[in-house]
Amino acid sequence: MLALVAVDKRIRILVVEDEEAIRAGLLDVLVFHGYDVDSAATGPEGLDKALTGRFGLILLDIMLPGMDGYEICDRIRAVDRQQPIIMLTAKTADEDIVQGLQLGADDYVQKPFSIQQLVLRIEAVLRRSQVGRDQARLLDLGNIQIDTENLSGQAGGDEIQFTRREIELLSYLAQHADRPVSRDELLLEVWGYARNSGIETRTVDIHIAKLRRKIEVDPKQPANLITVRGAGYRLVTRD
Ligand code: CA
């Protein structure tokens, strides 16, 4: 019983990956870094484990037999918007990455990935999911009031839902509302990426564009989340 309690305290990660060599390698790395692990080799098995188990994080391949990672992510999000998910993708086309992010994955890692890069991203996603739980507050942008704990906003009677990453991005900008924040700083502070890690700043721009569609009266003429030419982005708060 004592051993069970000790194991339960560790963060449990579900690996959904059909390629056996990659799956076995991931499990080895995760166990080496102190995580408890479970795995699935098909889409339906992955979805079933994701919905019935409790995981601190899900590593989700895209091309899987039976059901692809996009659909699995979509189905998880339909019932649990907080579950941290990192997509593993062999696809590099921007549209695939955008689709993964729009379905609510917290991050993606492109194959082939380095172990070090993967572990850093896992730690960053887990750290943010903890921070998000500890900071409950209301963010007032005038036309929309956002509950950062419930990941939702109220705008003129409409409820708008946010991903955790969007809320983290907004929260960071709100904490530094007195100045513009650069893309590099956002990648470092919100995504947890080291400087000059080769991560595209396009990731930031995709999220900013998505956020503007949710929080701006006119996304093409942003009044809340403004671009400061040559400097980055700044959030105009009302509180
Ligand atoms: Ca695969």
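How many residues lie between β10 and β11 in their hairpin, and which residue in the turn has a positive phi? There are 3 residues between the two strands, and Gly 230 is the one in the turn with a positive phi, of about 80°. Please keep in mind as you look around that this is a predicted model.

**Strand pairs**

Let us stay with that hairpin for a moment. Strand β10 covers residues 225-228, and its pairing with β11 is antiparallel, with 4 bridges. Within this pair, Thr 227 sits opposite Tyr 233 of β11.

Another antiparallel pair joins β7 and β8 through 3 bridges. Here Asp 147 has Ser 152 in β8 as its bridge partner. The table sets the two pairs side by side.

| Pair | Residues of the strand named at the start of the pair | Bridges | A facing pair of residues |
|---|---|---|---|
| β7 and β8 | 145-147 | 3 bridges | Asp 147 and Ser 152 |
| β10 and β11 | 225-228 | 4 bridges | Thr 227 and Tyr 233 |

β7 and β8 also belong to an open sheet of 4 strands, arranged as β6-β7-β8-β9 with antiparallel pairing. At its edges are β6 (138-140) and β9 (158-161), each of which pairs on one side only. From one strand to the next, the twist averages 20°.

**Nonpolar cores**

Now for the interior. The largest nonpolar core contains 27 residues, and Ile 146, Phe 162, Leu 186, Ile 215 and Leu 235 are those with the most contacts inside it. At least two residues each come from α7 (164-175), α8 (183-189), α9 (202-215) and β11 (232-235). Of the elements, α7 gives the most, with 6 residues.

Ile 215 is a good place to zoom in. Leaving aside residues up to four places away in sequence, Ile 215 touches several residues, among them Leu 141, Ile 144, Ile 146, Phe 162, Leu 170 and Leu 235. Its contacts also include Asn 143, Asn 224 and Leu 225. A second core, separate from this one, has 21 residues, including Val 16, Ala 40, Leu 60 and Leu 101.

**The calcium site**

Which residues hold the calcium ion as protein donors? They are Asp 18 and Asp 61, each through OD, and Met 63 through O, at 2.1 to 2.3 Å from the ion. Along the chain, these donors follow the spacing D-x42-D-x1-M.

Is Asp 61 buried or exposed? Asp 61 counts as buried because its relative accessible area is 3%, under the 20% cut-off. Met 63, by contrast, has a relative accessible area of 53% and is therefore exposed, since that class begins over 50%.

How values were computed: Residues numbered from 1 in each chain as written. Predicted model: local features only at pLDDT ≥ 70, side-chain atom pairs only at ≥ 80, totals over all residues. Heavy atoms only, no water. Core = buried A, V, L, I, M, F, W, Y, C linked by side-chain atoms within 4.5 Å. Buried < 20%, exposed > 50% of the residue type's maximum accessible area, 1.4 Å probe, protein only. Contact = heavy atoms within 4.5 Å. Pairing = 2+ DSSP bridges. Axes fitted to C-alpha atoms, helices over the stretch in contact; angles between N-to-C directions. Donors = N, O, S within 2.8 Å, 3.2 Å for Na, K, Ca; no water.
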